[in-house]
Amino acid sequence: MSSTPSQLLGVLPNNLNGLSAASSRASSEASLQRVKNLPGYTTPVFKGKEEQRAKVQADVAAKGFIPRELVANEVNWFYSQLGIDDTYFQNESPSVISDHIIALFGAKVLAYTKHDLNKLVIDLERIDEKGNGATFIHTSLPGLTSTEGPGATCESRIDSLYLDNSTPSNCYRLETFRSTGSISATASQQLRCYFITKCNFPSPPPPSTRTDGLTDIRTVSDTAFLEKASPHTLEVYQKIMWQVESRYGPVMEVFEVEGTRERRLVIGYKMGGTSRFFSALSNLYHFYQLYSARKYVEQFSNGITIISLYLNPMPNSTGAPIEHSIFQVMKEASLLYCLPDNPFFLDSVNSGHAVQEATYAYCGWVFAQHFCNRLGPAYLHLKNILDESNPSHAEVLNDIKRRFREETFTRESIAQVIHAHAEIIRLLYVNFAMAHYPAADEASQLGPTLSYQRLQTTQPLSDSELYDKIRRTVLNKQDLQVLESFLIFNKHILKTNFYQPTKVALSFRLAPEFLPEIEYPNKPFGMFIIIGNEFRGFHIRFRDVARGGIRIVRSRNKENYSINQRMLFDENYGLAATQSLKNKDIPEGGAKGTILPSLGAPPRRCFEKYVDAIIDLLIPGQTPGIKEPLVDLYGKPELLFFGPDEGTADMMDWAALHARDRGAETWWKSFTTGKSAELLGGIPHDTYGMTSLSIRQYVLGIYKQLGLREKDITKVQTGGPDGDLGSNEILLSSDKTIAIIDGSGVLADPAGINREELIRLAKCRLTVGHFDKTKLSKDGYLVKVEEQDVRLPSGEIVLDGTDFRNGAHFRFKADLFVPCGGRPEAVNVSNVAALTDTEGKPHFKYIVEGANLFFTQQARLHLEKRKVVLFKDSSANKGGVTSSSLEVLAGLALTTQEYLDLMIFKDAKPSDFYQKYVKEIQEKISENAAAEFHCIWREHARLQGAKPRTQISDELSIRLNNLQAELELSDLFNDVPSRRGVMRRAIPTTLVDQVGLDALLERLPETYQRALFSSWVASHYIYKYGVNSSSVDFFHFARDLAR
């Protein structure tokens, strides 16, 4: 959409000018794009029609089903009276047409036996077995969505069979027409005909006639489309195509047809951008009592889809005039693009919900699924009685928590409440809209949109009045709790893209005050919920300046998806909280994002929509009709930093470039970390072993403190040579590794796995499944996940490779265990006992937790009670976050030109600056990790083992984070000599030498400078003086800051 199509579309023929249809203004002489009343497509004339008619008549007569004296009349009616487009006769063979005529006759006979010709149902279809297309013809009442019969499923079948999975190499075009005649002399129904044909793109494509570098539509079009489309249609589609190419979301334009009330709605988008959209659009315009005479779906070889709807008002319509409703259709089409398969709109016949209300209901439904199943006072009382450090008590609590979450409110039960209380949902929507509906400007007040008019016709209630009404109306306690959660949702939304004219998913910035302290003891600073057609996601951060990875949570099957769905927010919270502990000595606090794709949804598309929807809330909208200003109750600029995590490592480049395309000129360079080094100046953790460097400091620290020789140490590792941590752990170590467990299976050898072969796999980034089995000793083995009934050297039979892999970390014994991969909570309170033998002796002496959340807190404490030397994830694997933090710093500190010159490779080679900067990062990682290791070791020794290292690590992180927060708010930062002294030491020398300290202090945002200052002071002070340092110690430390 655009505010001035005359600029974007140029001067089109047929007086196509004026303001954009996207601007949602009421109809007036100047506010519409107007086209002449000419067909957008040339109607084909089938020259062989009479000859075909004769063949069909003979064929119908020969089949003998219709009495001979009626044959000529039935064939003539079919050819001349029904008003079926010549496209049908040109596409079909005489044999197929004769079958359709017989089927039509049979349907008439059936309707006659029911004594009601209005029950005459026609259902003709032909699907080409070779996948070249299809024809569907069925009875259809204009302006109504069928709830039974063939019309109820026809368009959704077309979506799933021919449109949803379109690719440039395999796509279909669609033409659909309403017949001009009735199906019989006594029945008023008309026929709806759908013609689907596989696109035929010439190879090679015809040469472009353009010299400006823009796409020439003729070079990417199907041959049949080029034959049928009028010059005017080609020109309109060409301009729509250019807009789609330059934008991530959909493009929508409306055209008024001169001398008629017909409106043509044209929608363009990238293939795969949505699904089930074509059928959803029919439900939308039927809601506003409109019907379509013709509809077209055109697909192009450059991956663009364009839908064109020819819409007319129903005769004797009681709805709003089409001159107003067409803009509402377009507004709501943008919501349908995000959520085309919304059960609360599909039920609009019963609920009366317009798309906006139904979309709100859907978002509230998702919110309620995550935040209705809370534990309550009974759980709190039990929690206070039981001892969580006791594994059996903790297991009872965990089981109760899980059952509360699973059994109290299901997706289905929440949906039933929403369906049952349509009027309450409408009032809740008005309550939401009164806070977030954008202020009407002068032009729209002249002819307010229907959504605005609807808000005026419903008396808005205050929060207390609305709550009282819900309480009086809803007597069932569980129903009441669901509807209360909608009110909680409303009151904590600070901003949303709900009313943006174009979007690809819905995003909400929430104030996290509603989270119960019993379950979420550390209150996040901010949270986002993102809801798309094929995914849902969260983003949680614990400080204003915060950074963390974006994780895609994949589901193997429906049951696994249900579990992931229930636990998504809690997993996100846990990861972000762990990230906070890990980010203790960098400027950014902890953050994390999670994305849960629906089963079968492409993860990359989900990630792209997630990022785009969040950017909607970070960049103020300034383009009328595309991205407009939002109602911002937060009122301050926000900046998020994303990093790679499970499933998103190869997507960081796209996110940074997309932020730049969206206008984030000052922060696109720092928006994501883990970008490709050569193209975007990223600093990849795996290439430079950043995370492994910090893990390594803990392993080496143990060896040094206990006087151990590495080559004598036996080790078990999860996470294989194909991963970042796994591969670098292999390359950096020289121990005797006896088992490695990864996604492909289990590799074990009690004599020690052949190191040369492991190094080969690590350098090639291959799983243990590629290990050369000839290099195993007689007692070694490799069991792949896909294998069954495998005999081990010991004689044991492995029935199922996947089950064996999932529990393999419990069967091995070694000196050292380094988890470098695996799912969160792989070792938890219910299974940790399996890591000790029958005499209570632990399987491992030393554990350095490289993988995030591999152990639960109770499991760690259980092992430490049994004298295991264990360093938890938030201490051990922080090297990656340090690297990413300094990557962010480079992005913020360098101008775009400096960044291009210094950080991006030239001729596939890094600059001297880049190499020095990376080396300095590696040194800082090792320095920070060693400092924290010694701080924890010292404290543990001081207390003579009375406090577990896990607890010391957490207290250290909390102390650092609290001190950092206090320092950010203190006036110490305002002491210029101290500030400059700290900044000179906190910012890598390479960067200070290149840019200059004064320039850096001018460029870095003050919020970031405060965070950088306080993190450096807090970490260096605590690491030097320990967690029990005094105020006098801080006085001595602060005195030297200016040096």
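Tutor: Helices (H or I, at least four residues) and strands (E, at least two) are DSSP runs, numbered from the N terminus. The model is predicted: local features need pLDDT of at least 70, side-chain atom pairs count only at pLDDT 80 or more, and totals for chains, interfaces and linings use all residues. Residues are numbered from 1 along each chain as its sequence is written, and side-chain values use heavy atoms, with hydrogens and water left out.

Student: How are Phe 913 and Tyr 917 placed in helix H36?

Tutor: H36 spans residues 912–942 and holds both. They sit 4 residues apart, about one turn of the helix.

Student: Why is the aromatic pair of Phe 913 and Tyr 917 called stacked?

Tutor: Ring centres of Phe, Tyr and Trp (its six-membered ring) must lie within 6.5 Å; planes under 30 degrees apart are stacked, over 60 edge-to-face, the rest tilted. The structure holds 67 aromatic pairs. In this one, the centres are 5.7 Å apart and the planes differ by 10°. Both values meet the cut-offs, so the pair is stacked.

Student: What makes Phe 913 count as buried?

Tutor: Its relative accessibility is 7%. Buried means under 20% relative accessible area, exposed over 50%, partly exposed in between (1.4 Å probe, protein chains only). Phe 913 therefore counts as buried. Tyr 917, at 0%, is buried too.

Student: How do you know that the charged end of Arg 509 sits over the ring of Tyr 634?

Tutor: The rule wants NZ of Lys or CZ of Arg within 6 Å of the ring centre and within 35 degrees of the ring normal. For Arg 509 and Tyr 634 the distance is 4.7 Å. Arg 509 also lies over the face of Phe 528, at 5.8 Å from the ring centre.

Student: Why are H13 and H16 called oblique?

Tutor: Helix H13 (residues 355–371) and helix H16 (residues 411–420) have axes that come within 10 Å and cross at roughly 140°. Axes are lines fitted to C-alpha atoms over the stretch in contact, with angles from 0 to 180 degrees between N-to-C directions. Under 35 degrees is roughly parallel, over 145 roughly antiparallel, 65 to 115 roughly perpendicular, the rest oblique. The crossing angle therefore makes H13 oblique to H16.

Student: What makes E11 and E12 a strand pair?

Tutor: Two strands pair if DSSP finds at least two bridges between them. Strand E11 (residues 506–510) and strand E12 (residues 526–531) are joined by 5 bridges, so they pair. They run antiparallel, and Leu 506 stands opposite Ile 531 in E12.
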